[in-house]
Each structure stands twice: as structure tokens, then as C-alpha cells.
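Hello,

Here is the structure we spoke about handing over. Please have a look at it first, then read the notes below.

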Amino acid sequence: MYGHQFYQYPIKKRVEFLNAELRTGRYNSLNELAADIFIDIEDLKEELRKDGYFFVPDLNQFVRLEVGQAG
């Protein structure tokens, strides 16, 4: 998959794809994966942050954080 194909999918599918690829062990980092599929990693992270997804380097995965309402 390449960048133009990647961005056609909804955010949840993109995160699933990225996490699955990172779990395979073919990529040592998110930067390697991003370079391989021709996507700008900082733009990607910013877009995913808007939907609550954050990259956790120690896990080498994106996770979704949901903040509940107080009170």
C-alpha cells in the first residue's frame, strides 16, 4: 500500500493497518514504515491525534485515548 491508497481509508482502518505492519517486525520504527509507504509521519500523527490516537514508541503502536467527562 502507498500513501495515496492509505489516505482513502477511514482513520480507524489506517491505524489498524499501521499497527498490524508494525507488529510484523519488518519495521524497526514508525519512521521506517512511513518512508516505505510514502507518507509524512508528522502530518499523519497530527491527523490521528485529532481522533484520539497517539503513537507510543515503547509499544511501537498507535493507541486511542478516550477522555471521559468529569462529574
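**The hairpin**

β1 and β2 pair in the antiparallel sense, over four bridges. Keep in mind that this is a predicted model. The two strands form a hairpin, with four residues between them. β1 covers residues 53-56 and β2 covers residues 61-64. One bridge partnership to look at: Tyr 53 is matched with Arg 64 in β2.

The side chains along β1 alternate. Tyr 53 and Phe 55 point to one face and are buried. Phe 54 and Val 56 point to the other face and are not buried.

**Two positive phi values**

Asn 60 sits in the turn of the hairpin. Its phi is positive, about 55°, although Asn 60 is not a glycine. Is Asn 60 buried or exposed? Its relative accessible area is 17%, and buried means under 20%, so Asn 60 counts as buried.

Phe 38 also has a positive phi, near 60°, and is a residue other than glycine. Look for Phe 38 in the loop between α3 (30-36) and α4 (41-50). Its relative accessible area is 62%. Exposed means over 50%, so Phe 38 is exposed.

**The aromatic cluster**

How many aromatic pairs are there? The count comes to three. Take Phe 6 and Tyr 7: their ring centres are 5.2 Å apart and their planes stand at 85°, so this pair is edge-to-face. The cut-offs behind that call are centres within 6.5 Å and planes over 60 degrees apart.

Ring pairs link Phe 6, Tyr 7 and Phe 17 into a cluster. Phe 6 is buried, with a relative accessible area of 0%. Tyr 7 is partly exposed, at 34%.

Phe 6 has a charged partner too. The charged end of Arg 14 sits over the ring of Phe 6, 5.9 Å from the ring centre.

**A buried glutamate**

Glu 21 belongs to helix α2, which spans residues 11-23. Glu 21 is buried, with a relative accessible area of 15%. Which residues does Glu 21 touch, not counting those up to four places away in sequence? They are Arg 26, Tyr 27 and Leu 33.

**Where to start**

Try the hairpin turn at Asn 60. Then go to the ring of Phe 6, with Arg 14 over it. Finish at Glu 21 in α2.

Best wishes

Terms used: Residues numbered from 1 in each chain as written. Predicted model: local features only at pLDDT ≥ 70, side-chain atom pairs only at ≥ 80, totals over all residues. Heavy atoms only, no water. Phe/Tyr/Trp six-rings, centres within 6.5 Å; stacked < 30°, edge-to-face > 60°. Buried < 20%, exposed > 50% of the residue type's maximum accessible area, 1.4 Å probe, protein only. Lys NZ or Arg CZ within 6 Å of the ring centre and 35° of its normal. Contact = heavy atoms within 4.5 Å. Pairing = 2+ DSSP bridges.
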